[in-house]
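Work through the exercises below with the sequence and the structure open. Each task is followed by a solution in steps.

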Amino acid sequence: MPASPSTARAINDRLALRLLQQQGSLTAGQLKQLTGLSRPTVADLVERLTDAGLIAVVGEAGEQRRGPNAKLYGIVADRAHLAALDVRTEGVSVIVSDLVGTVLAEASAPIGGDAGTGPAVEQAVALVERVVKEAGADRLHTVGIGAPGLIDPANGELRDSTGLPEWHRSLVAALQERLPEARVIVENETNLAALAEQRDGVAADRDTFVLLWLGHGTGAAVVLDGALRRGASGGTGEIGFLPVPGTTGLPSAVDCEGGFHSLAGSAAIVELARSFGLLVEDAAAPEPLAAGVVGKAVALVTGNTEAGVGTAAGVGTVTADGPPGPEAQAASADRFLDTLADHLAVGAASVVAILDPGCVVLGGEVGQAGGEALATRVEERVRRMSPLATVVRPSGLGGAAVLRGALLTARDAAQNELFAPPDR
């Protein structure tokens, strides 16, 4: 059946807004060309969206031609402000943006493990309020939160999980109470990282892939046919609990020690480095120490002094113990990366055997620090272990993917509401 006039207008308006979101400011003529709509129809939708306060004239095209320059229209970015939080065991990172996703202010703060639930929540909320003020925002429309643990699919709330700080769950409730006008959305951190890699990272060309999170802990996110899969209880991707060979025991329902986490968690990677004579000097930093270990090992193997820069920089220093000289150091680092790839391939191949995703992204700070040197090693091993063709790619966003995914989630939710027709 043909769409009703009101439905057609709503479809056209959403199309125009999406184009302005994706391409920036456009003239009415450019909107006509990109949408295929008639000039009168474009003129009507521009008038509707302007009257609704969603778009405004932001400049002129500046084309050298006779007559006045064409007006440039853009989304009214300050129509709404958004916040994104990356909630980790040891701290919180916050960014505040406008409606189109331009970051206006950001900050991070550590939260000590000895802080009680109440003080920890107050520290995190105070950080959010400070960043909102620095951004010049009067109020928040939507808040996206990435946190470790399970999200209950029935109510969208963070479930109580053994081993995770109680203040995580209390923070969500506190933010909702302190920001009564804002919509608060909570999602598993690894799922948000996968969303960011799919939209802005190395999986942009993939409708189906698995992101293997390698940070302080381990996790996985599954995207099949373009859709994120959460599972019946929200636990899809809890790969840290996967029983694997090479550990000293089996995981339990309340402890992933003995599972894949024991091979690929940050502590396990650092211990593995030490076993190959790589001395690790600890340093105070929010990034996993393993990211520094892996990044510096890659630098030793490739001779690239820039390797390990970024999320891995400043995490610690790695040198080879034993016979001095660059060749001995590189050999130790090479054996370390080979063995680490053996460990990671066990988890990756298990996922491949069940899902056949065609692509595995080594995410998180460790995946980014390992780069192509580690991803290539893991891909070679997975191909030897499985008949299913699989490419393995290093993360393009690393640990920053969680914040990016949280912001994308908040932006999508806010735009879906604000861009909806009034009679919806």
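**Exercise 1: a helix and its two faces**

Helix α3 spans residues 39-51, has 13 residues and reaches 18 Å from its first C-alpha to its last, close to the 18 Å expected at 1.5 Å a residue. The model is a predicted one.

Task: find which residues of α3 are buried, and state how they are placed around the axis of the helix.

Solution.
Step 1. Apply the cut-off for burial, which is under 20% relative accessible area. The buried residues of α3 are Val42, Leu45, Val46 and Leu49.
Step 2. Look down the axis of α3: the buried residues fall within an arc of 105°, so they line one face of the helix.
Step 3. Recall the geometry of helices in general. An α-helix has 3.6 residues a turn, so residues three or four places apart point the same way.
Step 4. Turn to the face away from the buried side of α3, where the exposed residues Pro40 and Asp51 are found.
Step 5. List what covers the buried residues of α3: the cover includes the helices α1 (5-23) and α2 (28-35), and also β2 (55-60) and β3 (71-75).
Step 6. Follow the chain just past α3, where Gly53 has a positive phi of about 75°.

**Exercise 2: a sheet of strands**

Task: give the order of the 3 strands in the open sheet, and state which strands stand at the edges.

Solution.
Step 1. Take the pairing of β1 with β3. Strand β1 (residues 26-27) is joined to β3 by 2 bridges, and these strands run antiparallel. In this pair, Leu26 stands opposite Tyr73 in β3.
Step 2. Take the pairing of β2 with β3. There are 5 bridges between β2 and β3, again with an antiparallel run. Gly59 is opposite Leu72 in β3, and Ala56 is opposite Gly74 in β3.
Step 3. Put the pairs together: the order is β1-β3-β2, in an open sheet with antiparallel pairing.
Step 4. Read off the edges. β1 and β2 each have a single partner strand, so one side of each is left without a neighbour in the sheet.
Step 5. Check the burial of β3: 4 of its 5 residues are buried, and the strand is mostly covered.

**Exercise 3: two polar side chains**

Task: decide whether Arg381 is buried or exposed, do likewise for Ser386, and state what each side chain reaches.

Solution.
Step 1. Place Arg381 in helix α11 (residues 364-385). Its relative accessibility is 10%, so Arg381 counts as buried.
Step 2. Find the partner of the Arg381 side chain: the backbone oxygen of Arg377, at 3.0 Å.
Step 3. Leave out residues up to four places away in sequence; Arg381 then touches Asp338, Ala341, Asp342 and Ala345.
Step 4. Place Ser386 in the loop between α11 and β15 (391-394). Ser386 is buried because its relative accessible area is 10%.
Step 5. Find the partner of the Ser386 side chain: the backbone nitrogen of Leu388, at 3.1 Å.

**Exercise 4: cysteines**

Task: state how many disulfides a search of the whole structure finds, and whether Cys256 is buried or exposed.

Solution.
Step 1. Recall what is being searched for. A disulfide is a covalent bond between the sulfur atoms of two cysteines.
Step 2. Search the whole structure: the result is 0 disulfides.
Step 3. Cys256 has a relative accessible area of 18%, so Cys256 is buried.
Step 4. Add Cys359, which counts as buried at 0% relative accessibility.

Notes. Residues are numbered from 1 along each chain as its sequence is written. This is a predicted model: local features need pLDDT of at least 70, side-chain atom pairs count only at pLDDT 80 or more; totals for chains, interfaces and linings use all residues. Side-chain values use heavy atoms; hydrogens and water are left out. Buried means under 20% relative accessible area, exposed over 50%, partly exposed in between (1.4 Å probe, protein chains only). Contact means heavy atoms within 4.5 Å. The expected span of a helix is 1.5 Å times one less than its number of residues. The arc is that of the directions from the helix axis to the C-beta atoms. Two strands pair if DSSP finds at least two bridges between them. A disulfide is a pair of cysteine sulfur atoms within 2.5 Å.
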